[in-house]
Amino acid sequence: MNEHNRRAGAQTIERVAMFGIKQLAMTTGVVIIIGMITLVLSRSLLPTDALAAPGPVVERTALKSITKPATPVSVTRLRAADHYNVQRRFSGRIEPNQTVDIAFDEPGKLKTIFAGEGETVTAGAALAGLDTELLEIERDRLVRLLSSARDEQNIMRSTLDREESRKNKSRETQNAIDTLRISFAQISGRATDLEGQITMLDARIRRATLRAPFAGTISQHFADPGSSFEAGQPILRLIENGPRNVRIGVDPVLCRNLSIGDELDLMIGADLYPARIAAIRPDIDPATQTRTVLFELDDNPIIVAGTVATIHMMQEISANGVVVPISALRDGSRGLWEIIVAKPDGDNHRIAVEAVEILNVSDTAAFVRGTFASAALLVTEGQHRLVPGQLVSLVQ
């Protein structure tokens with residue numbers, strides 16, 4: 001039993017020793033591998049010239065940057081200005097010389113319309129007509145009464161002439177003559193009154209037909225045949241043919257440079273049309289704070305009433321600054337704009353950034369003011385590849 005225990009203990013010690021030897025071998029191998037990897041990496045990260053010849057690497061790199069040649073850039077010299085021009089636009093609607101809503105003077109029923117919408121009519125042409133049946137019936141009655149009154153008047157005139165032609169006139173005859181004269185005067189007055197009523201009816205019948213006060217085009221109908229209406233209710237709208245007018249509100253400051261008779265071009269659609277100033281109102285519109293200018297256009301069938309016409313005018317604004325191309329501007333910090341300038345540095349120049357404020361901008365240029373010198377050299381191309389302090393040479 002004791003012998004068996006000694007053998008078991010010896011085997012256990014032997015296994016422990018072998019395990020320790022294996023662990024030590026594995027640990028040593030790992031350390032050797034890590035050391036080799038570290039050596040390789042350190043050699044690959046070193047600069048080539050550092051491996052070839054040991055020395056101060058920092059000094060060699062600084063020497064190379066100092067000797068780097070200046071970057072060529074294109075520049076233009078800024079020119080100071082004391083003003084800039086702004087293009088102003090003012091618009092108005094084209095209107096005819098005359099537009100009238102035509103109506104009847106008395107109520108009635110619309111019988112017919114002679115001119116349709118969009119139809120061109122001449123001055124005096126019939127446009128619409130009332131139902132005049134009742135007026136014509138009344139006229140026929142008055143005509144018959146007038147005819148009877150005239151017959152009675154003729155008979156009485158003959159009787160009166162016969163009585164007055166008697167040589168021996170008694171008192172009774174004289175009284176009869178006086179009575180005939182009074183009756184004749186009464187019948188004559190009634191005939192005259194009937195003639196007046198007939199004349200008035202004739203006028204009402206004539207006015208039952210609306211006629212064009214001037215040559216023009218029917219723009220709109222407000223009633224249809226068969227409809228009843230009140231006196232003065234519009235039946236149709238007539239627009240005069242011929243030259244058109246345009247009322248445009250213009251800045252009072254710019255109106256000082258305008259005079260009656262001046263000719264300017266108005267933009268109508270995509271085309272320009274010449275126009276003449278016919279009038280300039282002396283007051284200012286409180287709603288728009290502008291003065292109304294009346295323009296006259298030549299007669300042109302292409303120009304339609306209601307179309308918008310625009311006038312372009314240049315206004316000079318006093319301000320100190322310079323004009324720069326749009327391409328020379330770039331976004332700066334805090335919402336500002338910047339330009340790149342070249343400042344003298346010995347025989348060359350160095351790049352500097354200047355903040356600017358845009359006062360006016362057009363399609364290709366901007367009027368700005370800022371921290372730059374009045375005659376600074378503006379870099380016009382390649383701003384994206386330049387940084388502040390970079391050495392540059394100017395391209396002539």
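A surface patch here is made of residues with over 30% relative accessible area and no salt bridge, and like charges are joined within 9 Å. Keep that in mind for the exercises below, which use a predicted model.

**Exercise 1.** Which residues form the negative surface patch, and where does Glu136 lie?

*Solution.*
- Start with the members: Asp131, Glu133, Glu136 and Asp140 form the negative patch.
- Next, place Glu136: helix H4, spanning residues 133-164, holds this residue.
- Now check its cover. Glu136 has a relative accessible area of 40%, so it counts as partly exposed.
- That value fits the patch cut-off, because patch residues need over 30%.

**Exercise 2.** Is His349 buried or exposed, and what is it in contact with?

*Solution.*
- Find the element first: His349 sits in strand E19, residues 348-361.
- Look at the area: a relative accessible area of 14% goes with His349. Buried means under 20%, so His349 is buried.
- Then list the company it keeps. Skipping neighbours within four places in sequence, His349 touches Ala342, Lys343 and Pro344, and also Leu377, Gln390, Leu391, Val392 and Leu394.

**Exercise 3.** How many helices and strands are there in the protein, and what percentage of its residues is buried?

*Solution.*
- Count the elements: the protein has 6 helices and 22 strands.
- Turn to burial: of the 396 residues, 28% are buried.
- Check the outside: about 25,900 Å² is exposed, with carbon and sulfur atoms supplying 54% of that area.
- Finish with contacts: among those with a separation of 6 or more, 72% link residues 24 or more positions apart.

How values were computed. Residues numbered from 1 in each chain as written. Predicted model: local features only at pLDDT ≥ 70, side-chain atom pairs only at ≥ 80, totals over all residues. Heavy atoms only, no water. Patch = residues over 30% accessible without salt bridge, like charges linked within 9 Å, V, L, I, M, F, W, Y side chains within 5 Å. Areas by Shrake-Rupley, 256 points an atom, 1.4 Å probe, with all protein chains shown as cover. Salt bridge = Lys/Arg side-chain N within 4 Å of Asp/Glu carboxyl O. Lys, Arg positive; Asp, Glu negative; His and termini not counted. Charge placed at Lys NZ, Arg CZ, Asp CG, Glu CD. Helix = DSSP H or I, 4+ residues; strand = E, 2+ residues; numbered from the N terminus. Buried < 20%, exposed > 50% of the residue type's maximum accessible area, 1.4 Å probe, protein only. Contact = heavy atoms within 4.5 Å.
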